[in-house]
Every structure is written in structure tokens, then in C-alpha cells.
Amino acid sequence: METSISVQPTPADAGVRKKVLIASILFMGLGHIVYLRQYLKGVFFAAVEAVFIAFLPKIIKALINLQTLGEPKPHLPVRLRDNSIFMLIDGVVVVAIVAVLIAIYIISVRDALNEFSQSRSRRVGIRESINKAFPVLGLAPSIGLIAFFVIVPLVFSACVAFTNYSSPSHIPPNNTVDWVGLDNFRALFGGSKIWTQALGRVAAWTLIWGALATVTCYFGGMLMAVVLRESKIRIAPIFRTIFILPYAIPSVISMLVWQNLLNATFGTVNRTLRAIGIISTNIPWIGDPTWAKFTAVMINLWAGFPYFMLLITGSMSAISQDIFEAAEIDGASKWQVCRKIVLPIVIYQTAPLIIMSFTHNVNNFGAIFFLTGGNPVVSDTTTTNAAGTDILVTWIYKLTVNLNQYHYASVLAVMIFLVLAPIAIFNLRRTRSFREGEL
Amino acid sequence: MRARARINLATIIVLVFLTIVALAVLYPVVYIVSAAFTPGSSIALDLVPFGSGFTLEHFRFLFKNTNYPIWFANTLIIAISTSICTVVLASLSAYVFSRFRFTLKRTMMMALLILQIFPSFIGMVAIYVILLRIGGLNTLWGLVLVYVAGNIPYNTWLVKSYLDTIPRSLDEAAIIDGASHFRVYWQIVMPVARPILTFLAIASFTGPWMDFIFPKLVLRSADKQTLALGLFSFVTDKKNQFTTFAAGALLVAVPFIIFFVISQKLLIESLGASAVKE
């Protein structure tokens, strides 16, 4: 380190620096090989660019296909026709690869300049190069996986929102798919009455569901946590263990069991209530749109309160004992301590998780799909497949799997993004690490 | 005297309240246990649990006439691989995000945050085609790739915020002593981060057990089915073998329940910690 301080940039240095810069921009890795004698790195960068150039024709073809999505060729056998969906995905993948290449290019140029300013002070061995590349090597597998299995699929489905990819007449490989601009958005937002109505109903219920599910579970969990903590019952741990059960049982199982128990005619709940004389006619727990919504929220409370109970218990036990001692000395009652000290701290600490939980519930596929299946059917269900308790994600699933209306499903996915992304960013901006600029 | 009576009354009210909640929580659990041991395949269960006899025929049926052991083995393989890969990849990237400064870091963290709010099945058509292209359809590793990729965004955040609380002086000292970044990550930071990694391992292990959509999308042949697919087929497919479903579900749920009850303390601590760190 000491040697590097003594090195002062001279006019000659500036000239070489410029040469390194130009060489690195001309061909990736050239600067490393010619001027810096970093052969390993240089050859790696050069190889990347060589591969890129070798595949250039294919890349350009994929980009052209992305734009046209293929031509209809009804005279060819199905196997040989243009498959628009493969073209679309390949196009998106190629765009992703090009983006990665540009990033590598920028890294190589920056690295060349960095190496240049350090090259005077010390020689860098292979082992140290690998050590210095640790951040890149450490991130590469994660970024690669995310790029191909998260980002490309999401970009693909965002793209589909602007095509007519749908059953019956635009399903590859028999037919091609075309870009249609904003047609799908127009159809869903006013253009087609039945779809607009269904969308309005499902979107409203999704937001109500998200809010109710979050609020009930949060306060349900808080109530249980506070009661278990404040009551001096000796068997409180036994109760806590019982209350963890819904959290421990995989939700598919518990939801399917509830579906069976709540069946209007043969379900145990109705038959029990009838047997002990509380009701005389069966309650359509999951058979009537209004009842089914109520049931979904209640069953979700059953399944979801343990999480917040554990969370709030943990957050309460993390409160410093000093605060309680100080309050006791000041003569505060137990109720005052709970209301004025414990609850504000707990709420302050868990507030970001409430927002997280809201986004989780908006996307809570299992809680709806395995309990009610989105049912009961309503007037427009035959056309749109959106039933009484369907939320956006279950509707997307049905549109994709049952109806093959991929274009509308993608519009819904874009909508979820538009609603949830700002919430997530808002949540992030409030965290301490973000405000303190650690990020 | 009076004060004491009041405390007793309050205690009784609390006890009654807790008992009612406990009954509501236990209600479906008791019925599923009773259904698993009830003879026949009736969907209309007896009102009184264990009221119509006791049998082990459903368990025998599961192991003799269905592929239950194969489903179980497949699911176990998927869950273990997903858990290991998630912990390794998420901790590596979290360490890099926590300890290094580089261009686009803020943008990348923000992108991860936004990506994690999407349920991954939104892109299922594309995932299907990509797996088709790389030969990952109807394979267990194809499914593992999908799960791991879906797990990384959120868990990188989770582990990163934990690592941020570990003093940097710890690893800086090691670097000055000449340790490589990988050694610092592997031998110094990871052992300190064990609580959050344990939590992550558990969470990503439990996820695949009951996922339904992706196995349905990726796995086709009978020897590649998972538990969720197999169990679901008992109650749909017009078969309605609810009692068999209950028996199979019970076998999955019991280890989970035992595990969660034992690790209660760890759960409370790590959940509480994740709240404090925000």
C-alpha cells in the first residue's frame, strides 16, 4: 500500500492510460493483454467478445423474430411453422444476454483503468485475481438463476399482455401470435363489458381480502401473544404449542380439510350445528358468494394468526428489561405498561411486516384456491372463469390453465405489479438501512 | 381478599378464552386424525371423532396400492436440494451485498425487492418453455432450479440485513491478516450468521412439501409425482377418497408438527429478530 502512495501520475502515464482505454473499448480484453500483461483476464474478456461475435447472426435473427413473432405458414406441417411463443421467449432471453454482455463490457473497461492505476505499485497474481473477483463470482450463480427463471419469465408475461396469445385462434404452433398494442388493456378496462365487470369485482375483492386477512391475523396474533404473556397461567406454554399447529400443518392439507368440514350438506360443521340445535337450515359456508368471503377470511385467520403470535412474542421478549423496571418504579400498573410501553414498541417494530403481509395475502393463492377453489360461481363465471371468491392470482391461474387466455392473464399480472411494486418500494424507503445510506 | 377474588375471576376468564380458541384450533386437526383411522371412504365424517370404528387400512392402502413412498422420496429430494442450494446461494449473494461496494448495487437490491413480491407462477408459461429447452421438464432438478431461483430474491434481503448487524471489524481483521474473501465468508461470517441460516434452511425446506402449481407444471410421469400432487388426486379426480387423503396428510403433518413444536424457541427468536432488524 505504501508504494502506491508514492506513485504520482505523470503526463506520460496519462498517454498510456488513454491507450489502455481505447484498446479496451475497441476489443474487450485488448487493453489487459497488450498494456497490462493481465493475460488470464484479457483472454477471458476477449473470449467473451469472440463468442458474442460468433453468435451475432443468430442474435440478430432472434431480435428480428421478437419483433415479428413469425409469419403464419398454414401450408407447412405444424412442426415446421413459426412458433411465436418460442420466438418471444428466445427474444427476451437474447435481450437479457445482450444486457449481461454490455455489463461485462463496462466492467472490463473499468477494470482495465483500475488495473492501470494500480499496476505501478504491485503485480497481481492469479490467486489474488480470483480473490478480487469474489464479489462477481459470488453473485454470478444467483444472478444467472434469477435472470433466467424469474426475470425472463416476468418480462415474457409482461410482453404477452401486449399480444393476442389466447385460445382458440392464437395458440402456437398451429397459429402465430401477433403484437396488438394496448388492445387487451382496452378490452379489460371498459371495452368488453363482461370482462370489465369481472375485473372490477375481482380487483376490489383482492384488495379487501388483502386488508382483512392482514388485519385479522395481525390483531388475532397480537391478542394471543399478549394474553399468553400477561396471564400468569402456568400452562401457557401448552396453549402456545397448540396455537402453533395451524402454522406447522402444510396449508394445502388444512385448507382441503376445512373445505370438507364446511361443505353445506355433508360437512361436519353444519351437521354438528344442526345436531345441537343452533341452526335449522344448512349454512352455505362456501356455497354463497358473501358467506364464502366471510369464511375465507375466518379460515385464513385460523391459519395465519400463529405467525404473528410468534412474531410478536419474539418482538416483546426482545424489549429491554430496564424499561419494565423503570415503569415499575414509577408505579405504572400492568395494564398501563402493556398499553403505553409494550404495544407501541411492538407495533413500531412490526409495522413493515404488516405491509409485507399485505402483499403476501394479495398473492395468497393457496388460502383461496384450496379452500373454495374461487367458487361459488357467479353470473359471468362461464365466460371469464372468475368466481365469487377468486382473487387476482387465482384468476390468473384459471385463465392460464383452464381457458388459455394468456393475454388477459398477463394484463392482470401487470396490474399486480403496478399496485404492489410502489408498496414494496415505500416499505423499503422507511427501513433504517436505506435511510442511513448503507444500502 | 377482594383483590384476590378479582384476580381469580380474571384468570378464569382468560382460561375459558384460551380453551375456546384452542378448541377452534384443534377442531380440524382432530377430524383429520379421526378420518385417517375411520373405515370406508365416506366423505361425510362421523360427528363424534373416532365414532365409527378404528382401522389401519388406509395406511396399508397407501403403501401397497399407491406410489406414496415414491412421492415421499421425490418430495424429500426436492426439499433437501432446494434448501441446500438456497442457503448457499442466498448467503453468498447476501455476503457480497453486505460487504462490498460496487456499481448498480442499489439498483440490484431494489430489483430483488420488487421481484420477490411476485408469485413465481405468473411466469409459468415461460418457465415451462425454458425448462423444455434445457431438458428440465419432468425432472426433479428442473423443479429445484425453479424453487431456488424463486427463493433467492427475498432471502438475499433477509440474510443481508442480518449480516449488516455483524460488526465489520470482525472480517476486516481477518482480511488484514491475509485471509481471502472466500475464507472470510466461509469460516468467519457464516458461523456467526448461523441462526438466520438455520431459519432459512428450515423455511426453504418446508416450502416445496406442499407446493402444487409447479410440480403439476413440470412433473409428468407417474414415478416423478410429489406428495402434494398425489394427495390432491385423492380428493379430486372424481375419486373422493377423503379418508385415504387424511391418512397420507397425517403422515406428512406429524413430522412437521413435531419439528415446529421442538423448534418453537428458535422460531420465536428468529422471527422476533427479523422484526427488530427492520
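This passage walks through a predicted model of a complex with chains A and B, starting with confidence and ending with a single helix.

How sure is the predictor? For the complex it gives an ipTM of 0.83 and a pTM of 0.84. Chain B has a mean pLDDT of 84, with 92% of its residues at 70 or more. That confidence isn't spread evenly along chain B: helix H3 (residues 68-99) of chain B comes out highest, at a mean of 93, while helix H13 (residues 264-276) of chain B sits lowest, at 67. As a rule, predicted coordinates shouldn't be read in detail where pLDDT is low.

Next come the domains. Chain A splits into domain 1, covering 2-181, and domain 2, covering 186-435. Measuring from C-alpha atoms, the centres of these two domains of chain A are 42 Å apart. The two do touch, though: 10 residues of domain 1 of chain A make contact with nine residues of domain 2 of chain A. On the domain 1 side of that contact, five residues are nonpolar, five are polar and none is charged. Chain B also comes in two pieces, domain 1 (2-59) and domain 2 (67-240). Here the C-alpha centres of the domains of chain B are 36 Å apart.

What about the place where the chains meet? Chain A and chain B each put 78 residues into the contact. On the chain B side, helix H1 (residues 2-36) of chain B is the top contributor, with 13 residues. Sorting the chain B side by class gives 63 nonpolar residues, 11 polar ones and just four charged ones.

Finally, it's worth zooming in on helix H4 (residues 39-54) of chain A. This helix is 16 residues long and spans 22 Å from first C-alpha to last, close to the 22 Å expected at 1.5 Å a residue. Which of its residues are buried? In H4(A), they include A:Lys41, A:Gly42 and A:Phe45. Looking down the axis of H4(A), the buried residues fall within an arc of 100°, so they line one face of the helix. The numbering fits a general pattern: an α-helix has 3.6 residues a turn, so residues three or four places apart point the same way. On the face of H4(A) turned away from the buried side, the exposed residues are A:Tyr39, A:Ala47, A:Val51 and A:Ala54. In short, H4(A) has a buried side and, facing away from that side, a set of exposed residues.

Key. Residues are numbered from 1 along each chain as its sequence is written. Chains are lettered from A and ligands numbered from 1 in the order in which they are written. This is a predicted model: local features need pLDDT of at least 70, side-chain atom pairs count only at pLDDT 80 or more; totals for chains, interfaces and linings use all residues. Domain bounds come from an automatic or database domain assignment. Two residues are in contact if their C-beta atoms, placed from the backbone, lie within 7 Å. Helices (H or I, at least four residues) and strands (E, at least two) are DSSP runs, numbered from the N terminus. Ala, Val, Leu, Ile, Met, Phe, Trp, Tyr, Cys and Pro count as nonpolar, Asp, Glu, Lys and Arg as charged, and the others, Gly among them, as polar. pLDDT is the predictor's confidence in each residue, from 0 to 100. The expected span of a helix is 1.5 Å times one less than its number of residues. A residue is buried if 20 or more other C-beta atoms lie within 10 Å of its own, exposed if 12 or fewer, and partly exposed in between; C-beta atoms are placed from the backbone. The arc is that of the directions from the helix axis to the C-beta atoms.
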